[in-house]
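I opened my notebook to go through this model piece by piece. Here is what I looked up, in the order I got to it.

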Amino acid sequence: MALATGTDPSSEGSSDSGASRTLQAYNDLRALLMSGHYEPDSRLTESDLTARLGVSRGTLRSVLARLAQEGYVTAEAHRSARTRSFSVEEALEILETREVLEAALAASAAERATDADIAAMTETCKHMWEHQVPGGREEYWKLNRRFHEQIREAARQATLSRFVDSLLYPLVMQQYRDADRQHPRTDSVREHEAILATIVTRNPEAAAAAMRHHLSAARRALQLQLSVPADSPKGR
């Protein structure tokens, strides 16, 4: 991701350049939010963001207004905003909805994936094995996101993809993921390979079932983490 740097906010003159700069700032800030750069419920100040993004306060306010409308941030008084924070109930509802939508995407991918799509997913799974080791967690999560994005691309279902985006589930995972876990769940790569196998064999019903199994397993792991008593060593 390339953040805008060295931009003179006063140079935002033409409507075309202004619109382009606003879109770039939106994409940059959205990427920062989705990557977990900011902690949940963190205050976002105009002074910090205008310097980071290289835009004027007016442009930033337009960006924050759009992000607030889409649910990435919550607007506050005095022209500031906060990153989203999700209750446990909200988080679980979002993940349950994701299971339904991504199962439909997997089914569509089983029908529409090209040989190039399948080759890309196969390569991603191969690299996931390489990073399912202590210390490989961050890279593994990147590969995990890539695999799910590849399925969405192979599904060629723009409407379903927009619904998935609206769930903001990466923000949920950033908030609730287990910071103490040194590597992914043992069965995670096998679950991805099972999804891939159903796509390779062009079996949409099996693809949907495999995706539901994978995402429900991830959700159950999250529920187990949240059920740890607050006075236990893990819950402190």
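**Entry 1: S188**

I began with S188, which sits in helix α9. A word of caution for myself: the model is a predicted one. Is S188 buried or exposed? I found a relative accessible area of 6% for S188, and the cut-off for buried is under 20%, so S188 counts as buried. I then looked for its contacts, leaving out residues up to four places away in sequence. On that basis, S188 touches Q132, Y140 and H214.

**Entry 2: α5 against α9**

From S188 I moved on to the helix that holds it, α9, which spans residues 188-200. I checked how α9 packs with α5, residues 115-130. The angle between the two helices is about 165°, and their axes lie 10 Å apart. An angle over 145 degrees counts as roughly antiparallel, and α5 and α9 are therefore roughly antiparallel to each other. I also noted the handedness: α5 passes α9 in a left-handed crossing.

Which residues of α5 meet α9? On the α5 side I listed I118, M121, T122, C125, M128 and W129. Their counterparts in α9 are V189, R190, H192, E193, L196, I199 and V200. Sorted by type, the residues of this contact between α5 and α9 come to 9 nonpolar, 2 polar and 2 charged.

**Entry 3: α2 against α3**

I looked at a second helix pair, α2 (residues 46-53) and α3 (residues 57-70). Here the packing angle is about 100°, with the axes 10 Å apart. That angle makes α2 roughly perpendicular to α3. The α2 side of the contact consists of E46, S47, L49, T50 and L53, and α3 supplies R57, L60, R61 and L64. By type, I have 4 nonpolar, 2 polar and 3 charged residues for the contact of α2 with α3.

**Entry 4: the sheet**

Next I turned to the strands. There are 3 of them in an open sheet, ordered β1-β3-β2, with antiparallel pairing. Why do β1 and β2 each have one side without a neighbour in the sheet? β1 (43-44) and β2 (73-76) stand at the edges and have a single partner strand each, so one side of each is left free of a sheet neighbour.

I went through the pairs in turn. β1 and β3 run antiparallel and are joined by 2 bridges. Within that pair, L44 has A81 of β3 as its bridge partner. β2 pairs with β3 (residues 80-83), also in the antiparallel sense, over 4 bridges. There I found V73 opposite T83 in β3. A reminder for the margin: strands of a sheet pair through backbone hydrogen bonds, either parallel or antiparallel.

**Entry 5: R82**

I stayed in β3 for R82, which is placed in that strand. With a relative accessibility of 24%, R82 counts as partly exposed. I checked R82 against R43, 39 residues away along the chain, and their C-alpha atoms are separated by 4.4 Å. Setting aside neighbours within four places in sequence, I have R82 in contact with D41, S42, R43, L44, V73, T74 and E76.

**Entry 6: two positive phi values**

I then looked up backbone angles. Most residues other than glycine have a negative phi, which is why I wrote down the next two. L168 has a phi near 60°, a positive value in a residue other than glycine. The residue lies in the loop between α7 (158-167) and α8 (169-176). L168 is buried, at 3% relative accessible area.

R202 also has a positive phi, near 60°. R202 is found in the loop between α9 and α10 (204-226). How accessible is R202? R202 has a relative accessible area of 37% and is partly exposed.

**Entry 7: the whole chain**

I finished with the overview. The chain has 10 helices and 3 strands. Read from the N terminus, the order of elements is α-β-α-α-β-β-α-α-α-α-α-α-α. Of its 236 residues, 43% count as buried. My final look-up was contact range: among contacts in the chain with a separation of 6 or more, 77% come from residues 24 or more positions apart.

Note on methods. Residues are numbered from 1 along each chain as its sequence is written. This is a predicted model: local features need pLDDT of at least 70, side-chain atom pairs count only at pLDDT 80 or more; totals for chains, interfaces and linings use all residues. Side-chain values use heavy atoms; hydrogens and water are left out. Two strands pair if DSSP finds at least two bridges between them. Axes are lines fitted to C-alpha atoms, for helices over the stretch in contact, and angles run from 0 to 180 degrees between N-to-C directions. Angles under 35 degrees count as roughly parallel, over 145 as roughly antiparallel, 65 to 115 as roughly perpendicular and the rest as oblique. A crossing is left-handed if the near helix is turned anticlockwise from the far one by less than a right angle, and right-handed if clockwise. Contact means heavy atoms within 4.5 Å. Ala, Val, Leu, Ile, Met, Phe, Trp, Tyr, Cys and Pro count as nonpolar, Asp, Glu, Lys and Arg as charged, and the others, Gly among them, as polar. Buried means under 20% relative accessible area, exposed over 50%, partly exposed in between (1.4 Å probe, protein chains only).
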